[in-house]
Amino acid sequence: MSIADDSLKSVPMQITEDEAAVYDRQIRLWGLEAQQRMRNATIVVMRLKGVATETIKNIVLAGIGRLIIVDDGAVTEEDLGAGFFFRDEDVGRKRVDAAKARVEGLNPLVTVETRSQSLLAGLELDELVRGVDLVCVTDWDRDGLIQLNDVCRKWKKPLYAGGTYGLLGYIFCDLLDHDYIAPDRTGTKDAPKDLKTTASYPPLQAALLHRWTALTKRQTKELKPAVVFAILALWEYQSSHNGELPDGSHAATELQARANDLLAAADVNKQVLAAVPLEMIETVSTTARHEFSPVCAVVGGMLAQDILKALAAREAPIANFFTFDGSSGAGTVCRLGMH
């Protein structure tokens with residue numbers, strides 16, 4: 001994967017001595033070259049909710065070059081719980097206007113731009129994606145993610161998506177053909193310490209066709225399919241309800257039916273999970289619309305960490321669907337559609 005499109009970029013900026021002092025610990029951790037890639041990266045983050053707040057904090061502190069935040073929403077009282085860029089007096093203001101100065105205050109070395117508009121479409125979206133190095137969208141519906149993923153693929157730009165539904169959270173990434181450095185585990189003395197590795201990622205639409213047939217009972221159990229299919233069922237629900245999430249236990253019956261249909265279609269081992277537990281479905285039905293700060297912190301922190309991994313190209317990023325269950329504190333990664 002090429003992090004930057006050279007035809008669209010000016011001459012890369014070099015890290016100054018002052019910047020090297022600020023980022024000294026990180027440079028010692030993953031090297032000057034990796035920090036340089038971050039310094040020259042432009043990232044767009046779409047939708048400024050709880051997960052995005054945590055993600056932005058971490059990538060700005062790490063020293064990316066330029067951040068573009070896109071959101072047309074106004075701050076609500078509910079945003080004050082997980083959105084630590086907002087204050088009581090910000091309620092009613094545009095989210096990006098309320099947050100901009102506080103984001104800039106985290107790291108004056110990072111250029112912060114904001115766009116107070118909806119998730120773009122058509123030529124505007126094309127132009128935005130074409131001019132950045134990496135796209136991150138949070139708390140968006142499946143159909144919108146698939147459309148955005150198509151645009152990112154058109155311009156060969158990596159995509160990260162993440163979000164929370166009450167106590168559940170997820171991260172999906174499509175990093176195209178991603179090159180990174182991995183430790184050599186052959187054990188031979190003469191082998192190089194690090195090897196260049198390439199991982200090929202599928203787009204979301206292809207990943208959702210993944211079948212679990214080849215997994216052993218133990219492997220299936222380790223991947224906690226109930227959480228995965230509860231989230232996929234929420235995406236199905238949104239698709240048939242104009243993007244709306246369930247808001248009460250009355251939706252549990254429909255949500256469980258969708259989850260179990262997906263479970264059967266994916267050929268998940270019935271000895272591990274014959275049906276998504278009703279208790280989980282009922283909890284999701286009543287909490288999916290709400291943000292819980294600790295869950296946003298975990299998912300947003302993981303999302304930021306993986307974005308930085310992708311930019312640094314020093315470790316293997318998520319491959320390719322991470323889920324988090326806040327009721328148990330457990331996270332797991334499933335390789336959906338990856339070989």
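Helices here are DSSP runs of H or I with at least four residues, strands are runs of E with at least two, and both are numbered from the N terminus. The model is a predicted one, so to speak: local features need pLDDT of at least 70, side-chain atom pairs count only at pLDDT 80 or more, and totals for chains, interfaces and linings use all residues. Residues are numbered from 1 along each chain as its sequence is written, and side-chain values use heavy atoms, with hydrogens and water left out.

**View 1. Asp325 in strand 9 and its partner across the sequence, Leu167.** Asp325 sits in strand 9, which covers residues 321-325. With a relative accessibility of 10%, Asp325 counts as buried; the cut-offs are under 20% relative accessible area for buried, over 50% for exposed, and partly exposed in between (1.4 Å probe, protein chains only). Leu167 is 158 residues away in sequence, yet the two C-alpha atoms are 6.1 Å apart in space.

**View 2. The loop between helix 5 and helix 6, seen at Gly83 and Asp88.** This loop runs between helix 5 (79-82) and helix 6 (95-106), and Asp88 is in it. Gly83 lies in the loop too, and at 2% relative accessibility Gly83 is buried. From Gly83 to Arg95 is 12 residues along the chain and 9.6 Å between C-alpha atoms. Asp88, by contrast, is exposed, because its relative accessible area is 61%.

**View 3. A negative surface patch that includes Asp88.** The patch is made by Glu77, Glu78, Asp88 and Glu89. Patch members have over 30% relative accessible area and no salt bridge; like charges are joined within 9 Å, and nonpolar side chains (Val, Leu, Ile, Met, Phe, Trp, Tyr) within 5 Å. For charge, Asp and Glu count as negative and Lys and Arg as positive, with His and the chain ends not counted. Each charge is placed at NZ of Lys, CZ of Arg, CG of Asp or CD of Glu.

**View 4. Two salt bridges at helix 6.** A salt bridge here is a side-chain nitrogen of Lys or Arg within 4 Å of a carboxyl oxygen of Asp or Glu. Asp90 and Arg102 make one, at 2.8 Å from N to O. The pair links distant parts of the chain, with Asp90 in the loop between helix 5 and helix 6 and Arg102 in helix 6, 12 residues apart. Asp90 is buried at 1% relative accessibility, while Arg102 is partly exposed at 26%. Lys100 and Glu104 make another, with their closest N and O atoms 2.6 Å apart. Both of these residues lie in helix 6, 4 residues apart, or about one turn of the helix. An α-helix has 3.6 residues a turn, so residues three or four places apart point the same way. Lys100 is partly exposed at 27%, and so is Glu104 at 30%.

**View 5. Arg289 and Asp247, a salt bridge between two loops.** Their side chains meet at 4.0 Å, N to O. Arg289 is in the loop between helix 13 (278-287) and helix 14 (293-312), and Asp247 is in the loop between helix 11 and helix 12 (252-265), so the bridge ties together parts 42 residues apart in sequence. Arg289 is partly exposed at 41% relative accessibility, and Asp247 also comes out at 41%, partly exposed.

**View 6. A salt-bridge network and helix 11.** Arg142, Asp143, Glu236, Glu254 and Arg258 are linked in a network of salt bridges; across the whole structure, a search finds 17 salt bridges. Helix 11 covers residues 225-239, and its end C-alpha atoms are 21 Å apart, in agreement with the 21 Å expected for 15 residues. That expected span is 1.5 Å times one less than the number of residues. Of the 15 residues of helix 11, 13 are buried, so the helix is largely enclosed by the rest of the structure.

**View 7. Helix 4 and the glycine just after it.** Helix 4 (residues 50-62) should span 18 Å, and its end C-alpha atoms are 19 Å apart, which agrees. It's mostly covered, with 10 of its 13 residues buried; among them are Gly50, Val51, Ile56 and Ala62. Just past helix 4, Gly63 takes a positive phi of about 100°.

Notes:
Accessible areas come from the Shrake-Rupley method with a 1.4 Å probe; for residues, only the protein chains shown count as cover.
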